[in-house]
Amino acid sequence: MAGDGRRGDAENAPPLPPYPSTVGHPLTHSFRTMRDVFGFRDRALANHDVVRVRLFGPGDVYHFAHPDHFDRVLVSDREQFRKSEDFRIAFGRGLVAAEGGEWRRQREVLQPLFRRERLRSHADTIVEQVRRRRRRWDDGERIDLPAETSQLSLDVLFATLFGRELALDGDEDVREAAGRLSDWFTPTSYPLPNWVPTPARRRFEAGRRRLRAVADRLLAEKAANPRRRPPTPTTSSRCSSPSGSRVRESATPSATTASATRS
């Protein structure tokens, strides 16, 4: 795979992976992935550990599925691979999307939040969030586990970081806004250039604006009352609210792959 300029001249780069014959001509790849993104990925990797596909927006995207490649991109050689532009659009300038020196600086700032004693201080809050959601489930009831765990993650995030317990049967504006953040990667939008204003991308932008407004307000409240302890969650409490190469990753129940987008 090509690097970010520190790997040497282009003539010294290894040969490019093939466009797989199992997914048709490269000019059709965007249309095919829109119809069935995971099926397209599986067919592309049917006969190779590394393949190259062509999408209208990002251009050449390199998919890989071998454990050694994951280790190289995510661990042993991660400095040589950069996150894609759509990754930064979706996750902003924080730790998740930061790279190099900026990533190390942010990590040092945030590291105290993840020390054992700090995590233990949140343990009771996290356990209570799990229990109150579990109390909503009836014996024998069929539940949408991915949806429930996603909502639980949001409950824990707000309760621990903002001291704000989301109502299980309310705060729909916040929950809907959070759910819209994944719309940036909707298959019918993902292969297109970032400037194309698809409905999914408009939903994403609306959700991002809403969550930023909520976060800014809650952080301002905490800054104004730095000594106030977050409220202890209870089952009856309810809070109302005014209203080089770049790496992509995806996971499914059947397989996990990642892809590096060439600059």
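Where in the structure is Asp 171 found? In this predicted model, Asp 171 lies in the loop between α7 and α8, and its relative accessibility is 10%, which means that it counts as buried, the cut-off being under 20%. Its backbone also deserves attention, since the phi of Asp 171 is near 55 degrees, a positive value in a residue other than glycine. Most residues other than glycine have a negative phi.

The two helices on either side of that loop can be taken next. Two packed helices are described by the angle between their axes and the distance between the axes. For α7 and α8 the angle is about 115 degrees, and the axes are 11 Å apart, with α7 passing α8 in a right-handed crossing. From α7, the residues Gln 151, Leu 154, Asp 155 and Phe 158 take part, and they meet Val 174, Arg 175 and Ala 178 of α8. By character, the residues of this contact divide into four nonpolar, one polar and two charged.

Helix α6, which runs over residues 116-134, also packs here, as its buried residues lie against α7 (145-162) and α8 (172-179). Those buried residues are His 122, Thr 125, Glu 128, Gln 129, Arg 132 and Arg 133. An α-helix has 3.6 residues a turn, so residues three or four places apart point the same way. At 1.5 Å a residue, the 19 residues of α6 should span 27 Å, and because the end C-alpha atoms are 26 Å apart, the span agrees with that expectation. The helix nevertheless has a kink of about 40 degrees, centred on His 122, a residue that is itself among the buried ones.

Helix α9, residues 199-224, brings in a further partner, for its buried residues pack against α4 (85-91) as well as against α7 and α8. Among these buried residues are Phe 204, Leu 211, Val 214 and Leu 218, together with the arginines Arg 201, Arg 208 and Arg 210. Its 26 residues should span 38 Å at 1.5 Å a residue, and the end C-alpha atoms are 38 Å apart, so the two values agree.

A last stop is strand β1, residues 50-55, where Arg 54 is found. At 38% relative accessibility, Arg 54 counts as partly exposed. Leaving aside neighbours within four places in sequence, Arg 54 is in contact with Tyr 19, Pro 26, His 29, Ser 30, Gly 59 and Asp 60. Of these partners, His 29 is 25 residues away from Arg 54 along the chain, yet their C-alpha atoms are separated by 6.0 Å.

Methods. Residues are numbered from 1 along each chain as its sequence is written. This is a predicted model: local features need pLDDT of at least 70, side-chain atom pairs count only at pLDDT 80 or more; totals for chains, interfaces and linings use all residues. Side-chain values use heavy atoms; hydrogens and water are left out. Helices (H or I, at least four residues) and strands (E, at least two) are DSSP runs, numbered from the N terminus. The expected span of a helix is 1.5 Å times one less than its number of residues. The bend at a residue is the angle between axes fitted to the seven residues ending there and the seven starting there. Buried means under 20% relative accessible area, exposed over 50%, partly exposed in between (1.4 Å probe, protein chains only). Contact means heavy atoms within 4.5 Å. Axes are lines fitted to C-alpha atoms, for helices over the stretch in contact, and angles run from 0 to 180 degrees between N-to-C directions. A crossing is left-handed if the near helix is turned anticlockwise from the far one by less than a right angle, and right-handed if clockwise. Ala, Val, Leu, Ile, Met, Phe, Trp, Tyr, Cys and Pro count as nonpolar, Asp, Glu, Lys and Arg as charged, and the others, Gly among them, as polar.
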